[in-house]
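Welcome! Here is a short briefing to help you find your way around a structure you have not met before. Take a look at it first, and then read on.

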Amino acid sequence: MTPSFLLAKRVLISVALVLGLIYGGDYLYVRACMFHPTPTVPFESLNTLRVLAIPEKNGKTEYEVDAQNPEQTVTCVHSLFPHYSYSPCWYVKPRVNQPIPM
């Protein structure tokens, strides 16, 4: 084996190990917060209006509130990584108010 191959292998293993440790610590943090939950920790529910972005022929976009389902509730988890099928709040909060393209 060449030295560059060994170095690449060690770097790859080290990165995988560090990411695994960070994910494990994040998971333990969420589990610990579940023992003493508050309304926003570790899970938070965000209520917003569903806004549809409808393109028109003249190149403009019309925005309308969804008539069939005007409100949406999105649940997120306060962590670095997704847990329990919920996306992290740092990822969800900036995107929750964006209109839905049609």
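**A histidine in a loop**

Let's begin at one residue: H83 sits in the loop that runs between β4 and β5. The model you are looking at is predicted. From H83 we will move to a neighbour in that loop, then to the two sheets, the nonpolar core and finally the chain as a whole.

**H83 and its surroundings**

- Is H83 buried or exposed? H83 is buried, because its relative accessible area is 3%, and the cut-off for buried is under 20%.
- The side chain of H83 makes a polar contact of 2.9 Å with the side chain of D26.
- Setting aside residues up to four places away in sequence, H83 touches Y23, D26, Y27, V30 and V77. D26 therefore appears twice in the story of H83, once as a polar partner and once in this list of contacts.

**F81, in the same stretch of chain**

- F81 also has its place in the loop between β4 and β5.
- F81 is partly exposed, because its relative accessible area is 25%, and partly exposed covers values between the 20% and 50% cut-offs.
- Which residues does F81 contact, leaving aside neighbours within four places in sequence? They are I22, Y23, D26 and P88.
- Y23 and D26 are among the contacts of F81, and Y23 and D26 are also among the residues that H83 touches.
- F81 and Y91 are 10 residues apart along the chain, and their C-alpha atoms are separated by 9.5 Å.

**The sheet with β1, β4 and β5**

- This open sheet has 3 strands in the order β1-β4-β5, and its pairing is mixed. Its edge strands are β1 (43-49) and β5 (87-88), each pairing on one side only.
- β1 and β4 run antiparallel and are joined by 7 bridges. On this side of β4, V77 stands opposite F43.
- β4 covers residues 71-77 and runs parallel to β5, with 2 bridges between them. Here C76 has S87 of β5 as its bridge partner.
- Side chains alternate along β1: E44, L46 and T48 point to one face and are buried, while F43, S45, N47 and L49 point to the other face and are not.

**The sheet with β2, β3 and β6**

- The other open sheet also has 3 strands, in the order β3-β2-β6, again with mixed pairing. Its edge strands are β3 (61-65) and β6 (100-101), and each of them pairs on one side only.
- How many bridges join β2 to β3? There are 5, and the two strands run antiparallel. In this pairing, P55 stands opposite T61 in β3.
- The hairpin of β2 and β3 has 5 residues between the strands, and in this hairpin G59 takes a positive phi near 90°.
- β2 (residues 51-55) pairs with β6 in the parallel sense over 2 bridges. A53 faces P101 of β6 in this arrangement, standing opposite it.

**The nonpolar core**

- Which residues make up the largest nonpolar core? It has 5 residues, namely L46, C76, C89, V92 and V96.
- L46 of this core is one of the buried residues on β1, and C76 is the residue bridged to S87.
- C89, another member of the core, touches E44, C76, V77, H78 and P94 when residues up to four places away in sequence are not counted.

**The chain as a whole**

- The protein chain contains 2 helices and 6 strands, and along the sequence they follow the pattern α-β-β-β-β-β-α-β.
- The radius of gyration is 21 Å, well over the 13 Å that the globule rule gives for 102 residues, so the chain is more spread out than a compact globule.
- Along its principal axes, the C-alpha trace spans about 60 × 45 × 15 Å.
- Buried residues make up 19% of the 102 residues in the chain.
- The chain exposes about 7,800 Å², and carbon and sulfur atoms supply 64% of that area.
- Among contacts between residues at least 6 apart in sequence, 53% join residues at least 24 apart.

Methods
Residues numbered from 1 in each chain as written. Predicted model: local features only at pLDDT ≥ 70, side-chain atom pairs only at ≥ 80, totals over all residues. Heavy atoms only, no water. Pairing = 2+ DSSP bridges. Helix = DSSP H or I, 4+ residues; strand = E, 2+ residues; numbered from the N terminus. Core = buried A, V, L, I, M, F, W, Y, C linked by side-chain atoms within 4.5 Å. Buried < 20%, exposed > 50% of the residue type's maximum accessible area, 1.4 Å probe, protein only. Contact = heavy atoms within 4.5 Å. Polar contact = N/O pair within 3.5 Å; in protein donor to acceptor, adjacent residues only side chain to side chain. Rg over C-alpha atoms; globule rule 2.2 N^0.38 Å. Areas by Shrake-Rupley, 256 points an atom, 1.4 Å probe, with all protein chains shown as cover.
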